Structures are given as structure tokens and as C-alpha cells.
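Hi everyone, thanks for coming. I'll take a few minutes to walk you through a structure you may not have seen before, so let's put it up on the screen.

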Amino acid sequence: MARTVFHVDVNSAFLSWSAVQMLRNGYDTDLRLIPSAIGGDEEKRKGIVLAKSIPAKKYGVITGEPLWQARKKCPELVIVPANYGLYSRMSSLFTEIIDHEFPVWQKYSVDECFIDCTGMEGIRGDPIQSAEALRSEIKERLGFTVSIGVSSCKVLAKMAGELKKPDAVSSIFPYEVEKKLWPLPVDELFMVGRSTARALNLMGISQIGDLAKTDPEIMKKRFGKHGLSIWLYANGIDQEPVVSTMREEPKSCSQSVTLPHDMSCEKDIIPVISRLCAALAYRLRRLGKCCCEVTVFFKDDKFVTVSRQQRLFRPTDISGELFEKTRSLFRLIYDGRPIRALGIGFSALTPKEGCAFTLFDDPANLGRKFAIDAAADSVRSRFGGESLLPASALISPTFEHLKRFEPNEGHIRTVCPF
DNA sequence: TCTGGGGTCCTAGGACCC
DNA sequence: TCTGGGGTCCTAGGACCC
């Protein structure tokens, strides 16, 4: 049976959400109607465009570009700092409406959902009517607009949503693929990024239709599995179901930071690793996971990334052990070059319940380590994730983005002696 | 002092074993 | 003075997404 799938995308999500909030707080200009952008902190070298208004787009401002460059294109650009706590709340309000109306839906990102509404015509009318009703309801109740793509599979629904923005419903049904999808530039196809687009252009493929008509064997030979996937997408073929889980189990977690200035001295860098580790280990424990593998990576002043990962002797979620491992890994790969950004990752996650000790573990010693982490975590859960830190980490840059996960706004700083 | 941060997946090539 | 080959596992780096 043919499916009906919606893709719902909040228009310029961060910007819209900030605009709605500012209007509510009495600010008299709607950011969405003037050239504006949500931007990072330039002083901390995070000055990029995170979202832009449609008037800003008309000046050629693009997401991801440095703020100075955006300002050069549009000198009157109004730049507003990001408010991740607000975005997280707005995202929940958005999905609450969808959850109320549809039994099968999937959160794809903070501002996007897929909905499977196969067989709901009896309740909600034909798919276009149903999508229109959802679009108006979100706008009316929450004050921001969405674009909804309607089709028979996820990829086509997502591509359809791109056709008209903002505040619109568009479709690409299978019989419309040739007319609506094929004329688009190939780099607009889902999963065709800059690198693949460049390679495709060199092969003489510039439109999605060119890709659709290329021999799939050639695509497979040139791009491997990925080549076959994008060939299928170009032909409107995608069997992926809308998975109605609230949240899939994470497979890895990571935390990284761009340093306020390049660092090349180990005594400056290790405290940053210590801070990253404290934060990420706390997250790992809140997930109820242990990890079997750690990664350290950095980006140098030439934007070259270097990484190294290592399996652990046994799974762990103990801050001290994870710090020891990440520090030694870093020392293994670091050659003294200037570092611009630094990160750590924990992967091969397993449920904490299944993690066993080894013969070499001293149960009393382990018990002490667990107790220390538990005590520290109870402070963090009351006062915020960064309220308690290893003393050495206090001299490292702060991680504001952590607030994204923090229900508590207040921060009380305490020095932790380990 | 131009380019964030958090994810997932794939692949090429090296190590190692038989 | 020629130097197998096949299989598995591991991992660094890079692709993509938001």
C-alpha cells in the first residue's frame, strides 16, 4: 500500500523562535521581517551565522558563514545571540502538537519531524488538506511558521518541503518526480554535500534528473554504497520507515570546544580536556551508560583534524578513569602544533547494568570512585552541570552550550578537589 | 587572528593470522 | 633478487546531516 509521509520543518528555527520570544517580551520589531541572524560569539571565535531571516537571505547571507562576512554583505544585519534553552522548549511545544494529532511520527532534529499519516484520510481529509490544517494550527498556537512536504516516502517529503518556504505545504508525489525533483540542482538532493556535488559536476551531472538517469552501476563503482543511495533518492525511491520512537539509544557522545585562542602548551590544554571529560562523563552517567572506547581529536590552526581512538580494558563511566585515558591518548598524538579546537568522544556505549568488573579490579577502590562521582553528580543535578569541576579545569574556557541540556538556569561554582 | 558543535555512517589501508 | 593470498579486525579520516 502506498504510504503518506509528511516532513515538517520549522522555518529559520532559531531565528523564528528568538523572534517570537522577543515579541512576547515587548520588543517591537519582528526579526523575521528585517535582515537579521542568530550568531555565535565572535570574541570566542565562534562567530558564525546559525540562522538567518529571509530578508538577510536576499543579501546573500548563508548559514555557517563567519559573521564579519555576513556583515560585509549586509551592513545593517541585526545579530542576536543564540538561546539554546529557549530552542529546546520551543522544540518540545512543536512536537507536542504533532504528538497530539498523529500516532506515528519521528523527531529528526530539533526543528524537524517526519509523520506517517497513511490511512488517516478518513479522520483528517486528503493529505494536502491535513498538512494545511497542521501548518495553520502550529502557526496559530505557537506563533511561528513551518513548511510541510507531502509525499509517499521520507526523502521525497523532505525534498518537497524545500520547494516552498516559509509557511507552505508542497508535495512531490511519485508521479511528480520528473517534473518537480529532476530539474533541481544536484547539490540540493538529500545526502549530496559539497564534496559529492563537486565530483558529480565533474562527471557532467548537474541536475537531479541527470543523476537519476545515470547507470546505477557507475554510481556504485564511483561512490560505493553512498552512490547507490543517492541514485535511489534521485529516482524517488526510499523505503525507510517513520520510526515512532521518542528517542533512539545514542551510539556515541562527544563534546568539543573552539578555544578562545590557539594553544600549543600542554599545561594549558590538559585542563580543557579535564573540563570536557568532567562534562561528558556526567552526561554518560545520566544516560545510564558505560563506554568501551574513547576518542580524542583536535583541529589545528590550519583546520586539519587529527584524531585517535582506543578501546578500554573494560567499560566504564568513572570520571577519573576516563580522564586518565583521554589525557594519555592526547599525549600520544600531540606534536606541539597550535590547536584551535579540541574534543573528546565516548563510543561503543553499553548499558551500565551489564558492565562487569575484571579480576584486576579492587572492589573497595572502585566503590570509592563510584561514590565520588555520585556525590559530584548530585551537586550537578541541583546546581547545573558545570557547577562542580575539577580544580584544574577552572582555568579552561567555559562551555556555554552545555546549558542546552540543563534545566537549571542558576550556576553556583564550587571547586572540586579531584 | 575568517570557518560551531553534536551526531552517524562508510571506506581505505594497515596489522595480523593462517 | 623474489617476495602467495585470503580473511578478519581495527581505526583515522572524511563524508553527510542538523
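Okay, let's begin at the DNA. Keep in mind that this is a predicted model. Look at the surface near DNA strand B: its residues split into eight nonpolar, 14 polar and four charged. There are 26 residues around that strand, and the ones that come nearest are Gly224, Lys251, Ser252, Ser256 and Thr258. Three elements give two or more residues each to that surface: helix H12, at 225-234, strand E9, at 252-263, and strand E12, at 339-351. Which of them gives the most? That's E9, with eight residues.

Now swing round to DNA strand C. Here we have 17 residues, with Ser109, Gly193, Ser195, Thr196 and Gln309 the closest. Sorted by class, you get four nonpolar, eight polar and five charged. Helix H9, residues 194-202, and strand E11, residues 305-316, each bring in at least two. E11 is the top contributor on this side, with seven residues.

So that's the DNA. Let's zoom out to the protein itself. Chain A is divided into three domains: domain 1 covers 1-175, domain 2 covers 182-234, and domain 3 covers 252-402. If you take the centres of domain 1 and domain 2 over C-alpha atoms, they sit 27 Å apart.

What about the inside? The largest nonpolar core has 62 residues, and Phe6, Phe14, Ile115 and Leu211 have the most contacts within it. Where does this core lie? Domain 1 and domain 2 both contribute residues, so it lies between the two. There's also a second, separate core of 31 residues, and among its members are Leu284, Val296, Leu329 and Phe330.

Let me pick out one residue from the big core, Phe14. If we skip its neighbours within four places in sequence, Phe14 is in contact with Ile38, Leu50, Ala51, Ala82 and Tyr87.

One last stop, over in helix H13, which runs through residues 266-286: find Val272 there. Is Val272 buried or exposed? Count its C-beta neighbours inside 10 Å and you get 25; the cut-off for buried is 20 or more, so Val272 counts as buried. And while you're there, look across to Leu259: Val272 and Leu259 are 13 residues apart in sequence, and their C-alpha atoms are 9.0 Å apart in space.

That's my tour. Happy to rotate the model to anything you'd like to see again.

Technical notes: Residues numbered from 1 in each chain as written. Chains lettered and ligands numbered in written order. Predicted model: local features only at pLDDT ≥ 70, side-chain atom pairs only at ≥ 80, totals over all residues. Near = placed C-beta within 6 Å. Helix = DSSP H or I, 4+ residues; strand = E, 2+ residues; numbered from the N terminus. Nonpolar A, V, L, I, M, F, W, Y, C, P; charged D, E, K, R; others polar. Domains from an automatic or database assignment. Core = buried A, V, L, I, M, F, W, Y, C linked by C-beta atoms within 7 Å. Buried ≥ 20, exposed ≤ 12 C-beta atoms within 10 Å, placed from the backbone. Contact = placed C-beta atoms within 7 Å.
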